[in-house]
Amino acid sequence: MTSPLRLGIAGLGTVGIGVLRTIRRKADLLEARAGRPVRVTAVSARSRQKDRGVSLDDYAWEDDPVALARRDDVDVYVELIGGENGPAKASVLAALEAGKDVVTANKALLAHHGQALAETAEAAGRVLRFEAAVAGGIPVVKSLTEGLAANEVTRIMGVMNGTCNYILTRMEGAGLSYDEAFSEADGLGYLEADPNLDVGGIDAGHKLSLLSSIAFGTQVNFAGVELQGIGDVTIEDIHQAADMGYRIKLLGAARLTGRGLEQRMAPCLVPANSPLGQLEGGTNMVVIEGDDVGQVVLRGAGAGEGPTASAVMGDVMDIARGLRVSTFGQPATQLTPAVPAQAATPAPYYLRLHLLDKPGAMARIASVLGDAGVSINRMRQYSHAIETDAAPVLIVTHKTIRASLDEAIDAMTQTGVLADSPLAMRIEDL
Ligand code: HSE
C-alpha cells in the first residue's frame with residue numbers, strides 16, 4: 001500500500017464539516033482514484049465542544065491552527081478559516097514554511113496576498129491550491145490552469161456571488177424590495193458575516209481577480225477591480241429592465257487590452273434569454289473565451305457544503321495523485337504586474353434618474369449627455385407619487401464609453417435638477 005496522504009483541517013464550519021463527511025463516506029472511492037488512502041489526522045476550530053453532527057474522536061485536536069499547520073503527521077494543510085489576515089494567513093505561511101502543501105477556500109486571503117503566498121509556496125517547492133475559493137463547486141480554476149492551458153484567454157465573465165444572484169432573482173420573481181430580499185437571504189444564512197462582502201461586490205471581485213491572474217498571466221490585482229455593489233438596484237430598475245427584455249445580474253468581466261487589465265464587477269443588464277440571464281438563485285456561472293476553444297460556459301452551485309467540499313477535495317485529490325500545478329498556472333515569479341485600465345469597450349448603458357418636476361429639467365439632462373458625446377437611444381419618464389416632486393426617468397444610451405458617461409453624470413449632479421444620485425448600469429449584449 002502506498003503511504004496515505006495526511007490532512008490537517010483548520011476551520012470546521014459548513015465547508016470543513018463537508019470535507020470530513022466526504023472523506024469518511026468515500027474513503028474507498030478516494031483511495032481507488034488517488035492510488036493511496038486520504039486521511040485526516042488532525043483538526044482545529046474555535047470550539048472543541050460545539051456539536052457539529054460529526055464525531056471528531058478519530059482526529060487529534062489543536063486549538064491553534066498554526067500548531068496544526070506545523071504538525072509532523074500532516075502532509076497537506078487545509079485552511080477553511082477565512083479572512084484575509086489573522087490566523088488564516090499566519091497558519092498558511094506556517095504550513096508552507098514547514099514544508100506542507102496547502103489547500104484553501106479563502107478568496108480574500110489570496111486576493112490580497114496571493115502573489116506573496118504563491119512565491120513563498122513555489123520557493124519552498126510546495127503547492128498552494130484554491131479551487132474552492134472561486135465559484136463554489138465549479139472547477140473553474142482547474143479548467144483555466146489545465147484544460148484550457150494552451151489558449152490565449154480573451155475574456156472572462158461571470159456571476160460569482162450566489163447571494164447577490166439570489167437577491168436579484170427574488171426581487172424579480174417575487175416582487176420583493178431590495179431590503180425584503182436581503183432579509184430573506186439573511187434568514188436563510190446566505191450572507192457573509194460582513195454582508196457588504198456579498199452585496200458590495202467585494203467577494204465576487206476577489207474571485208474575479210484570482211481568475212484574471214490565471215487567465216492573463218498577471219499578478220493578482222484586486223485593487224484594480226472596478227467595484228459596484230447591488231445595494232442601489234431597485235425593484236423599479238428590475239421591472240424596467242424586464243420591460244426591455246433584460247435581467248439585472250452582478251456580473252464580473254475581465255480582459256487584457258493594450259492599455260492594461262480591465263476588471264470590473266458591477267450590476268449589468270443581460271438579455272433575459274441568455275444563459276447568464278436565465279441564471280436563478282444561488283447558482284454561479286463563469287464564461288471563458290479562448291482563442292482556440294471559443295466560448296466555454298461553466299454553471300453550478302456557488303456555495304454550500306457539498307459543492308464547496310467537492311472543490312476542496314478536487315485539490316486534495318490532485319496532490320494525492322502527485323499532480324503539481326503552480327498556484328496561478330505558471331511560476332509566480334513570472335507573472336507580470338497588472339496595470340489596471342478602466343473598461344473602455346463601448347456599450348449601451350441604462351441610466352436611472354429621479355428628476356425634479358420643473359420646467360427645463362429634462363432639457364438640462366439631455367444637454368449634458370449631448371455635451372459629453374453620449375447619444376440617447378430610448379428615454380421614458382414615469383409619473384411620480386403626489387408626495388414627491390421627483391419623476392423617475394429611464395434613459396438607454398447608444399454605445400458609449402464609461403468615461404463619457406461618468407463625465408455626463410458628474411455634470412448632471414451640478415444642474416440642480418436631480419433628486420438623488422443617478423444609477424448607471426452597463427447593458428451587455430452577450
Ligand atoms: N458568499 C458567497 C456567495 C459564497 O454568496 O456566493 C462564498 O464565496
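**Exercise 1. Find the side chains that make polar contacts with the ligand in this predicted model, and state how much of the ligand is covered.**

Start with T163: an N or O atom of its side chain lies 2.5 Å from an oxygen atom of the ligand. Next, turn to the two lysines. For K107, the distance from a side-chain N or O atom to a ligand oxygen is 2.7 Å. For K207, the corresponding distance is 2.8 Å. Each pair qualifies because the cut-off for a polar contact is 3.5 Å. Finally, consider the cover: on its own the ligand has 260 Å² of accessible area, and the protein covers 89% of this.

**Exercise 2. Describe the shell around the ligand by residue, class and helix.**

First, list the residues: K107, N161, G162, T163, E192, D198, D203, K207 and A303 surround the ligand. Then sort them by class, which gives five charged, three polar and one nonpolar. Now look for helices: helix 7 (162-174) and helix 10 (202-216) each contribute at least two shell residues. As a last step, place the ligand among the pockets; the space it takes is the largest pocket.

**Exercise 3. Which strands pair with strand 9 (residues 246-257), and in what sense?**

Begin with strand 10 (residues 260-271), which runs antiparallel to strand 9 and is joined to it by 12 bridges. Here L251 stands opposite A266, and a hairpin of two residues connects the two strands. Then move to strand 7 (residues 153-159): three bridges pair it with strand 9, again in the antiparallel sense. In this pairing, I156 of strand 7 faces A254 of strand 9.

Methods:
Residues numbered from 1 in each chain as written. Predicted model: local features only at pLDDT ≥ 70, side-chain atom pairs only at ≥ 80, totals over all residues. Heavy atoms only, no water. Pairing = 2+ DSSP bridges. Helix = DSSP H or I, 4+ residues; strand = E, 2+ residues; numbered from the N terminus. Near = heavy atom within 4 Å. Polar contact = N/O pair within 3.5 Å; in protein donor to acceptor, adjacent residues only side chain to side chain. Areas by Shrake-Rupley, 256 points an atom, 1.4 Å probe, with all protein chains shown as cover. 1 Å grid on protein atoms, 1.4 Å probe; cavity = no way out; pocket = protein on both sides within 12 Å on 5 of 7 lines; lining within 4 Å. Sits in = over half its atoms within 2 Å of the grid points. Nonpolar A, V, L, I, M, F, W, Y, C, P; charged D, E, K, R; others polar.
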